[in-house]
Amino acid sequence: MEKKKAIVTVQNSQTVGLSSERAKQLLQEYGPNAIVEQRTYPFLRFILRFWTPIAWMLELIFVLQLYLSKFDEALITFFLLVFNAVIGFSQEEKAKKILALLRAKLQIKARVFRDELWQEVDATEIVP
């Protein structure tokens with residue numbers, strides 16, 4: 001069997017590089033070279049703290065204690081459940097803030113060959 005050969009065409013010469021205008025067109029066509037961060041509502045993230053195996057265990061204990069009429073112990077279990085969710089949520093928020101700060105400080109630069117000159121641009125402006 002004969003293998004098909006892939007033909008690769010290079011649209012830009014190594015001596016010229018991309019023009020700034022072509023780079024802008026490609027940036028508009030393909031978008032920035034970055035991962036889009038999905039944002040969720042803080043309230044939803046807090047509610048999802050009650051949908052974990054540890055939370056399920058505490059919720060089951062809470063229901064069983066209510067069924068057995070042990071209201072004092074049920075109240076303590078409920079307090080532990082909410083306390084666990086609040087602590088986890090606050091730690092997650094702190095981590096997100098620190099990560100955002102690191103991203104802001106670590107702006108990656110790249111050297112590109114455009115308009116017959118080597119230039120330094122943000123890595124988000126690299127185009128295919």
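Helices, taken as H or I runs of at least four residues, and strands, taken as E runs of at least two, are DSSP runs numbered from the N terminus. The exercises below use a predicted model.

**Exercise 1. Chain overview**

Task: State how many helices and strands the protein chain has, and in what pattern they follow one another.

Solution.
- Step 1. The secondary structure of the chain comes to 4 helices and 2 strands.
- Step 2. Along the sequence, these elements follow the pattern α-α-α-α-β-β.
- Step 3. The chain has 128 residues, and buried residues make up 17% of them.
- Step 4. Take the contacts between residues at least 6 apart in sequence: 53% of these join residues at least 24 apart.

**Exercise 2. The span of helix 4**

Task: Compare the end-to-end distance of helix 4 with the span its residues should give at 1.5 Å a residue.

Solution.
- Step 1. The expected span of a helix is 1.5 Å times one less than its number of residues.
- Step 2. Helix 4 has 35 residues, so it should span 51 Å.
- Step 3. The end C-alpha atoms of helix 4 are 51 Å apart, which agrees with the expected value.

**Exercise 3. The two sides of helix 3**

Task: Determine which residues of helix 3 are buried and which exposed residues sit on the face turned away from them.

Solution.
- Step 1. Helix 3 covers residues 53-67, and its 15 residues reach 21 Å from the first C-alpha to the last, close to the 21 Å expected.
- Step 2. Buried means under 20% relative accessible area, and exposed means over 50%. By this test the buried residues of helix 3 are A55, L58 and Q65.
- Step 3. Viewed down the axis of helix 3, these buried residues fall within an arc of 90°, so they line one face of the helix.
- Step 4. An α-helix has 3.6 residues a turn, so residues three or four places apart point the same way.
- Step 5. On the face of helix 3 turned away from the buried side are the exposed residues P53, L60 and Y67.
- Step 6. Helix 4 (71-105) is included in what covers the buried residues of helix 3.
- Step 7. I54 also lies in helix 3. I54 counts as exposed because its relative accessibility is 51%. The C-alpha atoms of I54 and L81 are separated by 8.8 Å, with their positions 27 residues apart along the chain counted as the sequence separation.

**Exercise 4. F89 and its surroundings**

Task: Decide whether F89 is buried or exposed, and list which residues it touches beyond four places in sequence.

Solution.
- Step 1. F89 has its place in helix 4.
- Step 2. The relative accessibility of F89 is 17%, so F89 counts as buried.
- Step 3. The buried residues of helix 4 are A74, T77, L81, A85, G88 and F89. Helix 2 and helix 3 are among the elements that cover them.
- Step 4. Leaving out residues up to four places away in sequence, F89 touches P42, R45, F46 and R49.
- Step 5. F89 and L48 are 41 residues apart along the chain, and their C-alpha atoms are separated by 9.6 Å.

**Exercise 5. The largest pocket**

Task: Describe the lining of the largest pocket by residue, by helix and by residue class.

Solution.
- Step 1. The largest pocket has a volume of about 340 Å³.
- Step 2. The residues lining this pocket are E37, Q38, R39, T40, P42, R45, E93, K96, K97, L99, A100 and R103.
- Step 3. Helix 2 (42-47) and helix 4 each supply at least two lining residues. The largest share, 6 residues, comes from helix 4.
- Step 4. By class, the lining divides into 3 nonpolar, 2 polar and 7 charged residues.

**Exercise 6. Positive phi outside glycine**

Task: Locate S69 and D115, and give the phi of S69 and of D115.

Solution.
- Step 1. S69 lies in the loop between helix 3 and helix 4. S69 is not a glycine, yet its phi is positive, about 60°.
- Step 2. S69 counts as partly exposed because its relative accessibility is 49%.
- Step 3. D115 is found in the loop between strand 1 (109-114) and strand 2 (117-122). D115 is not a glycine either, and its phi is positive, about 55°.
- Step 4. At 36% relative accessibility, D115 counts as partly exposed.

Terms used
Residues numbered from 1 in each chain as written. Predicted model: local features only at pLDDT ≥ 70, side-chain atom pairs only at ≥ 80, totals over all residues. Heavy atoms only, no water. Buried < 20%, exposed > 50% of the residue type's maximum accessible area, 1.4 Å probe, protein only. Arc of directions from axis to C-beta. Contact = heavy atoms within 4.5 Å. 1 Å grid on protein atoms, 1.4 Å probe; cavity = no way out; pocket = protein on both sides within 12 Å on 5 of 7 lines; lining within 4 Å. Points joined across faces, edges and corners; volume = space filled by probe spheres on them. Nonpolar A, V, L, I, M, F, W, Y, C, P; charged D, E, K, R; others polar.
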